[in-house]
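Me: I am new to this structure and would like to go through it slowly, one question at a time. Could you show it first?

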Amino acid sequence: MISLQDAVDDLYRVVRVDKKPTSNARLSMLADFCIQELAGRGVPDGAKEVLVPGIGRPKRWDVAWPGAGKVRLGISLKSLLSNVGGSVPNRADDVMGEMANVQLSSPEIVTGYLMLFDVGQNGGGVQKGGERWVDTFRSYVEQLSGRTAPAWAAGMVEAAAIVEIDFSDGPLIVAEPDMPAFFDRLAQTVRERNPDMFSRETD
């Protein structure tokens with residue numbers, strides 16, 4: 001079984017030990033963790049790096065279900081480890097753009113957003129007003145969360161989670177959101193929107 005801590009450990013290894021901060025594999029174990037959690041909730045056979053059509057252009061999603069055919073669920077994985085002051089506003093815009101691109105092509109798709117945010121000396125930072133950048137970003141994402149029928153507003157997500165980590169002295173998880181609720185929401189929603197794709201549970 002893969003834990004969230006395992007995924008954070010692996011990111012630390014790639015970024016800090018191997019010194020490959022831009023490696024395409026830096027969130028691979030986090031993707032494996034997501035696939036595992038979805039499978040445990042009755043959504044098996046998720047896949048990594050699946051090309052999904054969009055209204056503007058196709059994009060490879062970190063986690064997608066199913067792995068072949070029309071994608072009904074996608075999870076975008078991100079890490080923010082440095083220069084948060086200059087990155088947070090743009091990252092908020094990126095969330096909306098990434099989601100709208102796929103949702104305007106497939107309005108019924110279920111989307112999730114999961115970020116590992118370094119709040120340590122190299123990634124935290126406090127704004128002039130005293131608010132932490134991670135809290136500012138979390139508030140942005142929370143406003144974009146909870147997408148549901150019949151509105152299905154483009155640019156929002158069904159579920160989001162921001163994990164606070166600190167890489168200043170090792171791979172530490174500082175604050176973990178309700179990860180079971182995150183995956184429960186995604187699994188339940190994709191099952192509700194695609195009942196014909198799931199076998200009837202035996203009594």
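What follows is a set of questions and answers on a predicted model.

Me: How far apart are the end C-alpha atoms of helix α1, and what span should its residues give?
Reply: Helix α1 runs over residues 4-17, and at 1.5 Å a residue its 14 residues should span 20 Å. The value computed from the model agrees with that expectation, because the end C-alpha atoms of α1 are 19 Å apart.

Me: Which residues of α1 are buried, and over what arc around the axis do they lie?
Reply: In α1 the buried residues are Leu4, Ala7, Val8, Asp10, Leu11, Val14 and Val15. They are on the same side of α1, because around the axis they cover an arc of only 160°. An α-helix has 3.6 residues a turn, so residues three or four places apart point the same way. For the buried residues of α1, then, the arc asked for is 160°.

Me: Against which elements do the buried residues of α1 pack?
Reply: Among the partners of these buried residues are the helices α2 (28-39) and α5 (179-193). The strands they pack against include β3 (73-80), β4 (110-118), β5 (159-166) and β6 (172-175).

Me: Where is the kink in α3 centred?
Reply: Helix α3 has 20 residues and reaches 27 Å from its first C-alpha to its last, which is close to the 28 Å expected at 1.5 Å a residue. The helix nevertheless contains a kink of about 25°, and the residue on which this kink is centred is Asn90.

Me: Is Gln103 buried or exposed, and which backbone nitrogen lies 2.7 Å from a polar atom of its side chain?
Reply: Gln103 belongs to helix α3, which covers residues 84-103. With a relative accessible area of 2%, under the 20% cut-off, Gln103 is buried. Leaving aside neighbours within four places in sequence, its contacts include Ile109, Arg147, Ala153 and Met156. The backbone nitrogen that lies 2.7 Å from a polar atom of the Gln103 side chain is that of Gly155.

Me: With which side chain does the side chain of Thr111 make a polar contact?
Reply: Thr111 is found in strand β4, and at 0% relative accessibility it counts as buried. Leaving aside neighbours within four places in sequence, Thr111 is in contact with residues including Trp61, Gly74, Met99 and Leu186. Its side chain also makes a polar contact, at 3.3 Å, with the side chain of Gln103.

Me: How many aromatic pairs does the structure hold, and what is the geometry of the pair formed by Phe33 and Phe183?
Reply: The structure holds six aromatic pairs. The ring centres of Phe33 and Phe183 are 5.6 Å apart and the planes stand at 80°, which is over the 60 degrees required, so this pair is edge-to-face. Phe33 is in helix α2 and Phe183 in helix α5, so that the pair links parts of the chain 150 residues apart. Both residues are buried, and the geometry of their pair is edge-to-face.

Me: How far apart in sequence are the parts tied together by the pair of Tyr113 and Phe137?
Reply: Tyr113 and Phe137 form a tilted aromatic pair, with 6.4 Å from centre to centre and 50° between the planes. Tyr113 lies in strand β4 and Phe137 in helix α4, so the pair ties together parts that are 24 residues apart in sequence.

Terms used. Residues numbered from 1 in each chain as written. Predicted model: local features only at pLDDT ≥ 70, side-chain atom pairs only at ≥ 80, totals over all residues. Heavy atoms only, no water. Helix = DSSP H or I, 4+ residues; strand = E, 2+ residues; numbered from the N terminus. Expected span 1.5 Å × (residues − 1). Buried < 20%, exposed > 50% of the residue type's maximum accessible area, 1.4 Å probe, protein only. Arc of directions from axis to C-beta. Contact = heavy atoms within 4.5 Å. Polar contact = N/O pair within 3.5 Å; in protein donor to acceptor, adjacent residues only side chain to side chain. Bend = angle between axes of the 7 residues up to and from the residue. Phe/Tyr/Trp six-rings, centres within 6.5 Å; stacked < 30°, edge-to-face > 60°.
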